[in-house]
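Work through the exercises below with the sequence and the coordinates open. Each task is followed by a solution in steps.

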Amino acid sequence: MADTLDSLETRPPAERERDLMARLPGLIARAQSAPGWARILDGVDAAAIDSRAALARLPVTRKSELKDLQRAQAPFGGLNATPVGEMARVYMSPGPIFDPQGQGADWWRFSRPMHAAGVRAGGLVQNCFSYHFTPAAFMVEGGAARIGCAVIPAGAGQTEMQVQAMVELRPDTYVGTPSFLKLIIEKAREMGADISSVQQALMGAEALPESLRAWFAEHGVPRVFQTYASADIGSIAYETARDGVRQPGMVLDEDVILEIVRPGSGDPVAEGEVGEVLVTLFNHDYPLIRFATGDLSAILPAPAGEQQAGGHSNTRIRGWLGRADQTTKVRAMFVHASQVNEIAKRHREVLKARLVVTGRMANDTMTLHCEVADPQAANDATAIVATIRDLTKLRGEVCFVAPGSLPNDGKVIDDQRDYK
């Protein structure tokens with residue numbers, strides 16, 4: 001049983017990178033045909049955007065901005081390159097934020113995470129993602145159709161009926177949230193029902209700690225995989241196995257260019273450093289350029305030596321590591337990660353910065369911890385203190401530390417105040 005869906009997943013990394021960069025100018029040109037992207041990318045020469053360095057100079061569009069963009073130009077903020085009436089579906093996510101689905105097969109590219117989880121032609125999937133207004137269930141439908149397996153459109157809720165369906169129809173795969181599968185298993189035990197046909201699961205939308213994986217294995221579901229997707233993008237990355245052994249991290253989708261940037265900025269961080277996930281998506285209907293998800297992750301360093309023949313060869317990330325929006329309020333003033341990044345940019349000696357807020361509410365202290373080449377040298381904090389006040393309108397202190405001293409957790413603002 002092949003671990004990969006197709007030959008794209010096993011390409012040499014250099015070949016994949018050349019292909020992505022060759023496709024990039026066409027993606028930019030297609031995006032510029034949409035009025036929203038035409039405004040955002042005004043003056044950009046699409047033909048010149050043929051490298052990661054060129055891409056990194058383009059503006060960031062944040063998921064947090066979608067609501068305002070869509071209010072200004074309904075329903076998709078002018079980011080759709082295909083007219084609304086030619087789409088297959090329009091979804092309303094919480095917020096509300098509106099998301100499109102085009103007419104193409106496996107439009108969300110969900111067959112890759114499903115195949116990696118063990119779904120095969122002729123199988124039966126119990127799809128427990130919601131069919132109500134949101135796209136997750138239809139991502140599964142598209143992936144299943146490409147693979148060639150049937151779907152039970154179970155949706156969310158009605159736990160006893162979920163158990164009944166598993167008993168009578170004997171699906172081999174569950175797809176949905178981890179918490180809901182746990183409820184189904186507990187209900188089955190309560191009912192004395194046999195749902196042992198479900199031997200594998202593909203999870204999403206929630207955290208999946210190792211303790212819960214172990215619980216599933218103890219309760220009859222030995223193969224549990226996680227996927228990272230969003231209603232705007234579809235599949236971003238997913239867990240894989242190699243000869244039955246789950247591999248580290250999550251492998252990127254073949255139609256995604258991923259950047260990890262310092263939260264609040266568009267500046268790429270070093271490989272392995274935690275930062276915000278930016279996605280550039282090759283999608284003819286709804287292209288996305290440097291789209292900031294608001295999620296934190298990090299690129300896993302490639303293993304030493306050549307890839308194993310036939311294995312997934314794309315870049316791997318550590319998975320979801322939290323949220324990038326670290327806005328906090330200090331003495332009635334909001335402080336944003338983008339402000340901390342701007343302070344560091346104005347002072348060349350600062351290699352990396354982290355604003356630590358301590359004390360109690362209404363009696364708090366801001367200290368900017370700055371990595372500098374030599375913290376024992378006579379570094380002058382006066383100018384940095386002035387910049388803190390200029391940008392945040394608040395008084396702050398400065399502490400110089402050695403390179404590599406600050407934690408690698410993606411935090412630009414660390415709120416350590418006592419809220420008790």
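The exercises cover sheets, a crossover, helix packing, aromatic pairs, charges over rings and a record annotation.

The model is predicted: local features need pLDDT of at least 70, side-chain atom pairs count only at pLDDT 80 or more, and totals for chains, interfaces and linings use all residues. Residues are numbered from 1 along each chain as its sequence is written, and side-chain values use heavy atoms, with hydrogens and water left out.

**Exercise 1. Sheet orders**

Task: Give the strand order and the edge strands of the open sheet of eight strands, and do likewise for the open sheet of four strands.

Solution.
Step 1. Helices (H or I, at least four residues) and strands (E, at least two) are DSSP runs, numbered from the N terminus. Two strands pair if DSSP finds at least two bridges between them.
Step 2. The eight-stranded open sheet reads 5-4-6-7-8-9-12-16, and its pairing is mixed. Its edges are strand 5 (150–152) and strand 16 (316–317), each of which pairs on one side only.
Step 3. At one end of that order, strand 12 (residues 250–252) meets strand 16 in the antiparallel sense through two bridges. Met250 is placed opposite Ile317 of strand 16.
Step 4. The four-stranded open sheet has the order 1-15-14-13, again with mixed pairing. Strand 1 (61–62) and strand 13 (256–261) are the edge strands, each pairing on one side only.
Step 5. Strands 13 and 14 run antiparallel and are joined by six bridges. Val261 has Glu276 in strand 14 as its bridge partner.

**Exercise 2. A crossover and the helix packed on it**

Task: Find the handedness of the unit made by strand 20, helix 11 and strand 21, then list what the buried residues of helix 10 pack against.

Solution.
Step 1. Strand 19 (residues 352–360) pairs with strand 20 (residues 363–371) in the antiparallel sense over nine bridges, and Arg360 stands opposite Asn363.
Step 2. Strand 20 is also joined to strand 21 (residues 397–401), this time in parallel and by five bridges. Here Glu371 faces Val401.
Step 3. With helix 11 (residues 382–392), strands 20 and 21 form a right-handed β-α-β unit. Right-handed means that, with the strands pointing away from the viewer, the path from the first strand over the helix to the second runs clockwise.
Step 4. In helix 10 (residues 337–345), the buried residues (under 20% relative accessible area, 1.4 Å probe, protein chains only) are Ala337, Gln339, Val340, Asn341, Ile343 and Ala344.
Step 5. Taking contact as heavy atoms within 4.5 Å, these residues pack against strand 18 (333–335), strand 19, strand 20, helix 11 and strand 22 (413–415).

**Exercise 3. Aromatic pairs**

Task: Classify the ring pair of Phe76 and Tyr286, and that of Tyr91 and Trp108.

Solution.
Step 1. Rings of Phe, Tyr and Trp (its six-membered ring) pair if their centres lie within 6.5 Å; planes under 30 degrees apart count as stacked, over 60 as edge-to-face and the rest as tilted. The whole structure yields six aromatic pairs.
Step 2. Phe76 and Tyr286 have ring centres 6.2 Å apart and planes at 65°, so this pair is edge-to-face.
Step 3. Phe76 sits in the loop between helix 4 (66–72) and strand 2 (89–93), and Tyr286 in the loop between strand 14 (275–281) and strand 15 (288–297), so the pair ties together parts 210 residues apart in sequence.
Step 4. Phe76 counts as buried because its relative accessibility is 0%; Tyr286, at 1%, also counts as buried.
Step 5. Tyr91 and Trp108 form a tilted pair, with 6.1 Å centre to centre and 55° between the planes.
Step 6. Ring pairs link Tyr91, Trp107, Trp108, Tyr131 and Phe138 into a cluster.

**Exercise 4. Charges over rings, and an annotation**

Task: Which ring does Arg23 lie over, and where does UniProt place its domain feature?

Solution.
Step 1. A charge sits over a ring if NZ of Lys or CZ of Arg is within 6 Å of the ring centre and within 35 degrees of the ring normal.
Step 2. Arg23 lies over the face of Phe282, 4.2 Å from the ring centre. Lys182 lies over the face of Trp215 at 4.8 Å.
Step 3. The UniProt record (unreviewed entry) places "domain: AMP-dependent synthetase/ligase" at residues 137–279.
Step 4. Over residues 137–279, the chain is 31% helix and 29% strand, with the end C-alpha atoms 22 Å apart.

Definitions and conventions
Buried < 20%, exposed > 50% of the residue type's maximum accessible area, 1.4 Å probe, protein only. UniProt positions renumbered as here; feature names shortened; annotations may be inferred.
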